[in-house]
Amino acid sequence: MESVVFDVEKIVRLAEKLGASEAEVTLVSSKSSIAEATRNTLERLITRRTATLGVRVATGKQVGAAGGEVADASDIEEIVRRAVSLAKTSSPDPNWPGFNPIVGLAGSSVEVYHDATASLTGEDLSRILNRQVEMATSREGVTIASASLSAGEGVTIIANSYGGPVEEKSTSTGYWVEVKARINGKEGTYYSWFSSARFDDKTVEETTRDALARAFDAANAVPAKSTRGPVILVQREAAMLIDTLISPAVSAYNVQLGRSPLKGKLGEKVFSHSLTITDDPFIPWETGSGRFDDEGHPTTRKNIVEKGVLKTFLYDHYTASIEGRESTGNGFKFRPWNNPSPSPTNLVIDVKDARSNIADVISDIKEGMLVASTIGAWLSNPISGQINATANLAYMIRNGEIGSPVKGAVLGGDIYENLGEGLVTAAGDLQCYHSVCTRMLVLNKLRVAGSS
Amino acid sequence: MWLDATDGCCSVESMDTIRDDIKRIIKYALDLGADFVDARVESYEYELFVYDKDRLKEQSFRTTRGAGFRVVYKGAQGYASTTRLDVKSLRSAVEAAFRNARALSLSHTRKVRLAPYPALRESVSSLFRIDPFVISNKEKIEVIKNLVSVAQEVKDVESAIARLGLQRDERLVINSEGLEVAAKTVLTGVALTAVARGDKSMEYVSDSKSRVAGWEFIESLDLNSLGRSVGELASTASRASTPSPGKYRVVLEPEVVGLLIHEALGHASEADLVLSGASVLQGLLGQRIAVEEISISDDGRHPDGYFVPFDDEGVRKTKTRVVEKGILKSYLTGRAEAGELGVEPTGNSRVMSYKDPLLVRQTNYYIEPGDWKPDEILEAAGDNSIYVTAKGAKGGEVDPGMGTFTFGVGISWTIENGEPAKPLRGVSIGGFILDVLKKVEAVGRDLKVTTSVFGGCGKGGQLVRVGDGGPHLLVGELIVGGR
């Protein structure tokens, strides 16, 4: 199947002809296949092909937007007419700066299109998924409760009244697997996943093996006791907390409206001096990588926090114009017709003198916990910086050794305190989840409320 | 509440033109060799207005239209869809679905067996008096602008965000057995978030009001009162303390009960999770899972919930009693799960949109009311208990396989002398599904079910509208984490 592509410049002109003083058009066209398995067998194969259009227009300082899935010219015209009509009845925004005037590609190249991933068919995915199921279920007591493997390609094209179009082709793949293990009459489940622009067999297999091992630990997990010792968050859980709590806090929009604990702290030490946080859109194959943002502005690499000191916030065109500066290329939209909001591309968490081996860290801990999996970390509060998550699989650490698996511990605390004086160190390899790349983080200001 | 259109009063007209084409395409797929075909056609419109502090931040319109097919061939299921509704594109989509099913049938695939279901031919629309889509934008903007203004007048409130959402969703399901069902739902709502900076912290509190209804619902709301109460709660929260983490005796207000029961038991009762072994309720049918005072239902036609008169296989969705006096009586099923379990489908097979695969989903899931008055429950809780409320709650998450759940709830209160006393901020609750329902000590008589035009329930990457609720509950022990 071919991706559906329309001429976005023509759509900009159509909006102007219908009365818009300026317009911005985003087209996202994609095709994908998904193979799904449950209970150790393939369940269904799904193919999708969509073209989604987002049109934002302004009439003077009045702004309106419309969008949706489009099939033909009449759909497009309906969306453009609706956007113009909404703009004309909108209330003026006195701060409206117009659409982004700098439309173009970043100077650096980035690998986001992988030929082999694009060429994967539904039959290929079914075969690969089946192989994972067979590998996992060859071990006694294992059931693949559910698993899904997807791959696809797409193109994003953006133009506005001042420039473009800019175009980026990308691929994507995702795999998740939920394994149930039975051992000695006890049962446990564990869920593992990854997403990337590049498919590779090895990562799929590692993900399955990780879920397998953890599922047996989950079967043996007992209710956790409260502890106040250091807590080690594995990469995926650390990434989830940072994505939930730090990404919104460094958005200039939240800062300007007083919804960030980092307001007024530019140039100040906000984290441990060992911590540097970089926004990097050029990491190969990462889901946040790309050469332009959702306004068509070139992306840039920048340090947000350098040795604990807050260096910059992230800006889209609107928030940048409020402060009389240029966008940092961080204007991203939830959907193509939504207004952009500043958010990171990929965040890289770098802790100075991080240990390569987590065992070296554990050996120094008299009492603590290693958290392997949580639910509800996204419920943490970015406005106050307060952490909330429930560990559904963790390991007690006693006298320098990993102990028995536990479950049900509620984690609480303040992210600024934990990444400040509470940041002990980082360890292990750098892994990326949710567009956040981090090592395991060792924190000693987390409260752990046990369930036993 | 609902108008039944079988008498011709409210046919879902915009779906009429495509019916014959879909039926021809389904016959074509059967000629290709398909054993069973169903088609889901959807026309969806959504308007969103967002007023943030001092400006109209967003005014947008979204439309989705398309058709999706499921083909069953030798027990294997293939899905494909199209945004183009011409005959050529529909044929191409059903061919792709057939190819997917045939390819899968060659692998080690479990054979789906759909439970029998009659070939219904019905068309139903939710009731609304004033079509919200014809109200002028000026009037809509005024509503949220005033909400923001009222909330921002409250001490400590730095800013407020108000949203107005309007949804029209029309769905048509046709299958190769002659079933032909259409439903139209109009949903309207407002939401307000206030951010306050007090002496203790910066906090936010949210509240939203949605109903399956037209603009008359917005007109019925006391918006000034809503704006003031959200602002005042945010101010209170920003000056409140966090609780010490630990186990507490708690009183849960109805909105929290809704969140808890949807997450903690609802997902675990979904038969696809049960059958795959990813639910702690597997094998517990007929067994006690809660105290006798607890009964739980899933009802697609509850007047205060979301309107799901049929699921997306066209199965009529009426009230399913999941738990009766503490005994697990039924799982939620679609035709595939019901076929495997040898029961009748409960009408819970749903999709986010026409292009998504069917999953077992809840509709409006709630605990049935008991006998206690809410003030009696607060009094019975005793001192050192916590009254957990939902305003500002972000939702929850559950691991149905492990039985753990967690919620970020709203501003809560200590209980002293049978009344809410000191405010608490940053409260989260967590626990094990099967423990909590056995520790319920009192069930209120004040059932409240709510839905939302701004969110829903996520599963397998699909978000669907749901409702949930219950009465006040007294729970003897729950883990409370201070965020």
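Let's start at one small meeting point: Leu45(A) stands opposite Gly78(B) in β4(B). That puts us right where two chains come together, in a model that is predicted. The pairing belongs to a short stretch in which β2(A) and strand β4 of chain B, residues 76-82, are joined by three bridges. These two strands run parallel.

So what else does β2(A) pair with? Take strand β1 of chain A, which covers residues 22-38: 17 bridges join it to β2(A), and the two run antiparallel. If you'd like a landmark in your viewer, look for Glu24(A), which stands opposite Arg56(A) in β2(A). Now follow the chain from β1(A) into β2(A). The two strands form a hairpin with two residues between them. In that turn you'll find Arg39(A), whose phi is positive, at about 45°.

Keep going along β2(A) and you reach another hairpin, this one made with β3(A), and again there are two residues between the strands. Here the turn holds Gly60(A), with a positive phi of about 65°. Strand β3 of chain A spans residues 62-69 and pairs with β2(A) in the antiparallel sense over eight bridges. A handy pair to look for is Val57(A), which stands opposite Gly64(A) in β3(A).

With those partners in mind, is β2(A) mostly buried or exposed? Of its 19 residues (41-59), 18 are buried, so the strand is largely enclosed by the rest of the structure. "Buried" here means that a residue has under 20% relative accessible area.

Time to zoom out to chain A as a whole. Its secondary structure comes to 10 helices and 21 strands. The radius of gyration is 24 Å, close to the 22 Å that the globule rule gives for 452 residues, so chain A is as compact as a globular protein of that length. Along the principal axes, its C-alpha atoms fill a box of roughly 70 × 55 × 35 Å.

How many of the residues of chain A count as buried? The figure is 64% of the 452. Contacts tell us about the fold too: among those in chain A with a separation of 6 or more, 72% come from residues 24 or more positions apart.

Last stop, the outside and the charges. The accessible surface of chain A comes to about 16,100 Å², and 47% of it belongs to carbon and sulfur atoms. Chain A also carries 47 positive and 54 negative charges, and the mean positions of these two groups are 5 Å apart.

Conventions:
Residues are numbered from 1 along each chain as its sequence is written. Chains are lettered from A and ligands numbered from 1 in the order in which they are written. This is a predicted model: local features need pLDDT of at least 70, side-chain atom pairs count only at pLDDT 80 or more; totals for chains, interfaces and linings use all residues. Side-chain values use heavy atoms; hydrogens and water are left out. Helices (H or I, at least four residues) and strands (E, at least two) are DSSP runs, numbered from the N terminus. The radius of gyration is taken over C-alpha atoms; the globule rule is 2.2 Å times the number of residues to the power 0.38. Buried means under 20% relative accessible area, exposed over 50%, partly exposed in between (1.4 Å probe, protein chains only). Contact means heavy atoms within 4.5 Å. Accessible areas come from the Shrake-Rupley method with a 1.4 Å probe; for residues, only the protein chains shown count as cover. Lys and Arg count as positive and Asp and Glu as negative; His and the chain ends are not counted. The place of a charge is taken as NZ of Lys, CZ of Arg, CG of Asp or CD of Glu. Two strands pair if DSSP finds at least two bridges between them.
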